[in-house]
Amino acid sequence: MPLREHEPVPVRPVGVLTVARSARRLARMEERERKQGARTAAKDARAAARQEHRLRASTGRRARRESQRRAGEALRRQLRQQQRNALKRRLRAEVFAALGDRCGRCGFDHDARALQIDHVRGDGSSDPGRDAASCAYYRRVRVSMGAGEGRYQLLCANCNLIKAY
């Protein structure tokens, strides 16, 4: 049947029943997906709990004791280092005080961090164990000064560098 110009195109009517059926089908599909997601999440949680339980059982007392032992050793090392640093600062202060607490050339005394122990005769390379920041070095300097050898003097960093060149 030919259509006329102003006639509407016939549309198949959708019944209320068809819309309701589609909505139910969609709701069932969403419910299925939700349950499947919940099952997967529950399965993952159970697997994680089993793994954690295995890990706890395997670590046990021995691992905890080992961890505590390592932590205790680290604390003891840190304490020994702090004690060594305090001893080194005390020895350095004693040696500097015995050498006059000021530069032997220019008289600089504003900051002890800029002062350095210098070998008067330039024989520093013959010193055994030339670690100039160790407790043993400060002890050797103190013993040498007590013996009256006169091998050491206190210079500021500038004067010590100028003397070296």
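Me: Is Ser-144 buried or exposed?

Reply: This is a predicted model, where local features need pLDDT (the predictor's confidence in each residue, from 0 to 100) of at least 70, side-chain atom pairs count only at pLDDT 80 or more, and totals for chains, interfaces and linings use all residues. Residues are numbered from 1 along each chain as its sequence is written, and side-chain values use heavy atoms, without hydrogens and water. Buried means under 20% relative accessible area, exposed over 50%, partly exposed in between (1.4 Å probe, protein chains only). Ser-144 has a relative accessibility of 5%, so Ser-144 counts as buried.

Me: Which residues does Ser-144 touch, leaving out those up to four places away in sequence?

Reply: Ser-144 is found in helix H2. With a contact taken as heavy atoms within 4.5 Å, and residues up to four places away in sequence not counted, Ser-144 touches Glu-149, Arg-151 and Tyr-152.

Me: In what order do the elements of the protein run from the N terminus on?

Reply: Helices (H or I, at least four residues) and strands (E, at least two) are DSSP runs, numbered from the N terminus. The protein has three helices and two strands. From the N terminus on, these elements run α-β-α-β-α.

Me: How many bridges join E1 to E2?

Reply: Two strands pair if DSSP finds at least two bridges between them. Within E1 and E2, His-119 stands opposite Tyr-152, a residue of E2. The two strands run antiparallel, and the number of bridges joining E1 to E2 is five.

Me: How many of the five residues of E2 are buried?

Reply: Across the protein, buried residues make up 15% of the 165 residues. Strand E2 is mostly covered. Of the five residues in E2, the number buried is four.

Me: Which elements give two or more residues to the largest nonpolar core?

Reply: A nonpolar core is a set of buried Ala, Val, Leu, Ile, Met, Phe, Trp, Tyr and Cys residues joined through side-chain atoms within 4.5 Å. The largest such core has 16 residues, and those with the most contacts inside it are Val-95 and Ile-117. Two or more residues each come from helix H1 (16-98), strand E1 (115-119), helix H2 (135-146) and strand E2 (152-156).

Me: Which residues does Val-95 touch, not counting those up to four places away in sequence?

Reply: Val-95 is one of the residues with the most contacts inside the largest core. Beyond residues up to four places away in sequence, Val-95 touches Ile-117, Tyr-138, Val-141, Arg-142 and Met-145.

Me: How many disulfides does the structure hold?

Reply: A disulfide is a pair of cysteine sulfur atoms within 2.5 Å. The sulfur of Cys-106 is 3.6 Å from the closest cysteine sulfur, in Cys-103, which is too far for a bond. Cys-156 is in no disulfide either, as the nearest cysteine sulfur, that of Cys-159, is 3.5 Å away. For the whole structure, the number of disulfides is zero.

Me: What is the relative accessible area of Cys-156?

Reply: Cys-106 is partly exposed, with a relative accessible area of 48%. Cys-156, in contrast, is buried, and its relative accessible area is 6%.

Me: How far apart in space are Gly-100 and Leu-154, C-alpha to C-alpha?

Reply: Gly-100 is in the loop between H1 and E1, and at 39% relative accessibility Gly-100 counts as partly exposed. In sequence, Gly-100 and Leu-154 are 54 residues apart. In space, their C-alpha to C-alpha distance is 7.6 Å.

Me: Which element has the highest mean pLDDT?

Reply: The protein averages a pLDDT of 78, and 78% of the residues score at least 70. Among the elements, H1 has the lowest mean pLDDT, 79, and the highest mean, 90, belongs to E2.
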